[in-house]
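Welcome, and please open the model in your viewer. We will go from stop to stop, with something to select at each one.

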Amino acid sequence: MDAVRLIGVGRRALAQSQDPRDIMREAWQAQALAQAMGSRLAMQGPPELRGEALGLSEAGARGSGGSATPVVGAGGIRAAQLTELGDVHQALTDLGALLGDVGIALVAVASESFEEGAYWQCMEAIDAADESRDRILEILRRLPEGGRALPLADREHVPEPDSDSAA
């Protein structure tokens, strides 16, 4: 699925989230998408963007990993559905906006949290979202004019990590 479409799904899901767990789940989903987009851009984007794209992937991994990972809903991990970035500039701009929305929603969750662990989990997620947004802004600043559309490999042709060991 196109990155812009996936981001739109995430923005709608975040906007409909009322429960702190749902908001945390959507924050996790957004960071997983940042990780996937950063990874794809690092592999297939212009060489001058690889460092920042890897940084975006790492920041997304910090925001979507760890022991406090929320249970993913019935739709699964949205980032796994990413097949193309399409208009890279638009996708990154939209992802930055989604991460901004995530940060605002997490501030509200943290301010209402009575549990210290949940508060610090929100703070870490806010920091990860901010770092991801910083990386996005740097990539956008350095994105070559002709690099707006970068095709990604079709998911059917991407080998699974353990495909060699399966018999």
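## Two helices side by side

Start by selecting H2 and H5: these helices are roughly parallel to each other, because an angle under 35 degrees counts as such and their axes cross at roughly 30°. The two axes come within 11 Å, and the crossing is left-handed. Keep in mind as you look that this is a predicted model.

Now show the side chains where the two helices meet. On the H2 side, pick Met24, Gln31, Ala34 and Leu41. Their partners in H5 are Gln121, Cys122, Ala128, Ala129, Ser132 and Ile139.

## Step back to the whole chain

Colour the chain by secondary structure. You should find five helices and zero strands, so that the order from the N terminus reads α-α-α-α-α. The chain has 167 residues, and 43% of them count as buried. If you turn on contacts between residues at least 6 apart in sequence, 84% of those contacts join residues at least 24 apart.

## Along helix H5

Select residues 116–142, which make up H5. How far apart are its end C-alpha atoms? They are 39 Å apart, and this agrees with the 39 Å that 27 residues should span at 1.5 Å a residue.

Next, pick out the buried residues of H5: Cys122, Ala125, Ile126, Ala128, Ala129, Ser132, Ile136, Ile139 and Leu140. Around them, show helix H2 (20–44), helix H3 (50–64) and helix H4 (88–112), since by the contact definition these are what the buried residues of H5 pack against.

## H4 against H5

Keep H5 on screen and add H4. The axes of this pair lie 9 Å apart, at an angle of about 160°. H4 and H5 are therefore roughly antiparallel to each other. Their crossing is left-handed. Residues making the contact include His89, Leu92, Gly96, Gly100, Gly103 and Val107 from H4, and among those from H5 are Tyr119, Met123, Ala129, Arg133 and Ile136.

Stay in H4 and click on Val107. Is Val107 buried or partly exposed? Its relative accessible area is 47%, which means that it is partly exposed. Draw a distance from its C-alpha atom to that of Ala125: the two are separated by 9.8 Å, although their positions lie 18 residues apart along the chain.

## Into the nonpolar core

In soluble globular proteins, nonpolar side chains tend to be buried together. Here the largest nonpolar core has 41 residues, and Met37, Leu92, Leu95 and Leu106 touch the most other members. Helix H1 (3–16), H2, H3, H4 and H5 each supply at least two residues. Which helix gives the largest share of this core? That is H2, with twelve residues.

Zoom in on Leu92. Leaving aside neighbours within four places in sequence, Leu92 is in contact with Met37, Leu41, Leu56, Ile136, Ile139 and Leu140.

## Last stop: the start of the chain

Finally, select Met1, in the segment before H1. Met1 is partly exposed, with a relative accessible area of 25%. Not counting residues up to four places away in sequence, Met1 touches Leu6, Gln81, Leu82, Thr83 and Glu84. Now add Leu85: its C-alpha atom and that of Met1 are separated by 8.7 Å, and the two residues are 84 apart along the chain.

Note on methods. Residues are numbered from 1 along each chain as its sequence is written. This is a predicted model: local features need pLDDT of at least 70, side-chain atom pairs count only at pLDDT 80 or more; totals for chains, interfaces and linings use all residues. Side-chain values use heavy atoms; hydrogens and water are left out. Helices (H or I, at least four residues) and strands (E, at least two) are DSSP runs, numbered from the N terminus. The expected span of a helix is 1.5 Å times one less than its number of residues. Buried means under 20% relative accessible area, exposed over 50%, partly exposed in between (1.4 Å probe, protein chains only). Contact means heavy atoms within 4.5 Å. A nonpolar core is a set of buried Ala, Val, Leu, Ile, Met, Phe, Trp, Tyr and Cys residues joined through side-chain atoms within 4.5 Å. Axes are lines fitted to C-alpha atoms, for helices over the stretch in contact, and angles run from 0 to 180 degrees between N-to-C directions. Angles under 35 degrees count as roughly parallel, over 145 as roughly antiparallel, 65 to 115 as roughly perpendicular and the rest as oblique. A crossing is left-handed if the near helix is turned anticlockwise from the far one by less than a right angle, and right-handed if clockwise.
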